[in-house]
Amino acid sequence: MCDLLDSQQPAEKLSRMKKLRRTLSESFGRLALKKDDNGFDEICVTKMSTRNCQGMDSVIKPLDTIPEDKKVRVQRTQSTFDPFEKPNNQVKRVHSENNACINFKSSSAEKESPKIRRHSSPSSPTSPKFGKADSYEKLEKLGEGSYATVYKGKSKVNGKLVALKVIRLQEEEGTPFTAIREASLLKGLKHANIVLLHDIIHTKETLTLVFEFVHTDLCQYMDKHPGGLHPDNVKLFLFQLLRGLSYIHQRYILHRDLKPQNLLISDTGELKLADFGLARAKSVPSHTYSNEVVTLWYRPPDVLLGSTEYSTCLDMWGVGCIFVEMIQGVAAFPGMKDIQDQLERIFLVLGTPNEESWPGVDTLPHFKPDRFTQYSAKNLRQAWNKLSYVDHAEDLASKLLQCFPKNRLSAQAALSHEYFSDLPPRLWDLTDMSSIFSVPNVRLQVEAGESTKAFGKNIYGKGQSHVKH
């Protein structure tokens, strides 16, 4: 259906796209907030009438099928990443995603300004309230991109530190779809290893997503500890990553942009999946998705070759790349030029595929055997020697880094791999919102060059706080 976009006249197409974007932006503003059991807010999409948050058909449904965009452009990086870079072709995406993430009922006659139901402590009518911009104090700027700025902040309601992702809205373009996706999906995900979205504040000029504050991300953590992380810490980080992925995969959600910059690390070592702007709720039967997802270094070969039909195996390739990078201290496949170079680096280690090793590879749009050097597969330890230093690490990595997507280990199966056999059995019995560090004797080890005293206080050092949401 996306091909229909190219057959329309440019002026007519742009007009329709802008109209759809404005309609979605208005609908997104019709948010009503009510407290959940944890004292934060649940979100409902409501008409500007007497309807309330009890209407079952008005609740945002994070698992609703989301029509796929034709072209999603992601900023490709080698060592740094602008988390707020506005995707290209954003207007096109509106046309093909006119129902993305949100079910709403409205008519063209409803033109009133969006209203937000606000709740506050009954003690005083002037007490700070959730859902209001003045409920949060901005402490410092953490990062800025082309369409959003992130601040470290503090809640005036409960005094907790938060991260404020302030998205600037433009009248002609409306609410960016990445923000709509992220908000609607995250409000339905409650897990210790997924960043928590506390609140949403929508005004005419901005949309602010209020997240829990997390000190740094895995990319910065690895930069601070070059040469590879402590093997025990790698195991705990990987276990948490798989735990979070297993949770979303069981709910038919693909993250689609796994990389170290999108894995937050708290000061206690808790890892949290973040940046769900490219995430998708996957329906059954399978839909066709864009192949312009996942930052280049962590993009699987099937997607690089033009495949648009994939499932949770897409995320599992990224897990394998991150696993190797944590152990070895360098990116597994750091392509320096383009997709061709990225594929050559993968085939150099895993072997150039053919119909025997990868059924169906000849049908992929960008696979031309004469374009690639013919390599034979190697043992992973030949490429990354530190895998041989840790029991069962090479075997787990090899089962994640499979060119043929269907051969990749699932997140749930990976959690049962022998690599994790020396961890306390209680870790597999934790409830979704329980941290692995609630289990006795589970803690991060001091990395090389760190003092125990420094580790106990703040392992990231003054001025190193960073939030990537």
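## Sheets, rings and buried polar side chains

Val166 has Thr208 as its bridge partner in strand S9. The model is predicted: local features need pLDDT of at least 70, side-chain atom pairs count only at pLDDT 80 or more, and totals for chains, interfaces and linings use all residues. Residues are numbered from 1 along each chain as its sequence is written, and side-chain values use heavy atoms, with hydrogens and water left out.

**The five-stranded sheet**

Helices (H or I, at least four residues) and strands (E, at least two) are DSSP runs, numbered from the N terminus. Two strands pair if DSSP finds at least two bridges between them. Strands of a sheet pair through backbone hydrogen bonds, either parallel or antiparallel.

An open sheet of 5 strands has the order S5-S6-S7-S9-S8, and its pairing is antiparallel. S5 (136-144) and S8 are the edge strands; each has a single partner, so one side of each lacks a neighbour in the sheet. On average, neighbouring strands here are turned by 25° against each other, direction ignored. Axes are lines fitted to C-alpha atoms, for helices over the stretch in contact, and angles run from 0 to 180 degrees between N-to-C directions.

Start at the S5 edge. S5 is joined to S6 (residues 148-155) by 7 bridges, and the two run antiparallel. Gly143 faces Val150 of S6.

Now take S9. S7 (residues 161-168) connects to S9 through 7 bridges, again antiparallel. S8 (residues 197-202) connects to S9 through 5 bridges, also antiparallel. Leu197 stands opposite Phe211 of S9. S8 and S9 make a hairpin, with 3 residues between them. Is S9 enclosed or open? Of the 7 residues in S9 (residues 206-212), 6 are buried, so the rest of the structure largely encloses this strand. Buried means under 20% relative accessible area, exposed over 50%, and partly exposed in between (1.4 Å probe, protein chains only).

**The three-stranded sheet**

An open sheet of 3 strands follows the order S10-S12-S13, with antiparallel pairing. S10 (216-217) and S13 (271-273) sit at the edges with a single partner strand each, so one side of each has no neighbour in the sheet. S12 (residues 263-265) pairs with S13 over 3 bridges in the antiparallel sense. One of the facing pairs is Leu263 with Leu273 in S13. Helix H5 (residues 231-249) lies across S12 and S13, at about 30° to S13.

**Aromatic pairs**

Rings of Phe, Tyr and Trp (its six-membered ring) pair if their centres lie within 6.5 Å; planes under 30 degrees apart count as stacked, over 60 as edge-to-face and the rest as tilted. The whole structure holds 9 aromatic pairs. Phe239 and Trp428 form an edge-to-face pair, 5.1 Å centre to centre, with 85° between the planes. Phe239 is in H5 and Trp428 in the loop between H11 and H12, so to speak of distant parts is fair: they are 189 residues apart.

Phe333 and Trp384 have ring centres 5.5 Å apart and planes at 75°, so this pair is edge-to-face. Phe333 is in the loop between H7 (313-328) and H8 (339-350), and Trp384 in the loop between H9 (380-383) and H10 (393-400), so the pair ties together parts 51 residues apart in sequence.

Ring pairs also link Phe239, Phe323, Tyr419, Phe420 and Trp428 into a cluster. A charge sits over a ring if NZ of Lys or CZ of Arg is within 6 Å of the ring centre and within 35 degrees of the ring normal. Lys235 places its charged end over the ring of Tyr419, 4.7 Å from the centre. Arg251 does so over Tyr247, at 3.7 Å.

**Two polar side chains**

A polar contact is a pair of N or O atoms within 3.5 Å; within protein, one must be able to donate a hydrogen and the other to accept it, and residues adjacent in sequence count only if both atoms are side-chain atoms. Contact in general means heavy atoms within 4.5 Å.

Gln328 is in H7. Its side chain reaches the backbone nitrogen of Lys386 at 3.1 Å. Beyond four places in sequence, Gln328 contacts residues including Gly227, Trp384 and Leu387.

Ser435 is in the loop between H11 (411-415) and H12 (452-458). The Ser435 side chain reaches the backbone nitrogen of Phe437 at 3.0 Å. Residues up to four places away aside, Ser435 touches Ala192, Glu270 and Leu430.

**Accessibility**

| Residue | Relative accessibility | Class |
|---|---|---|
| Phe239 | 2% | buried |
| Trp428 | 36% | partly exposed |
| Phe333 | 1% | buried |
| Trp384 | 5% | buried |
| Gln328 | 14% | buried |
| Ser435 | 17% | buried |
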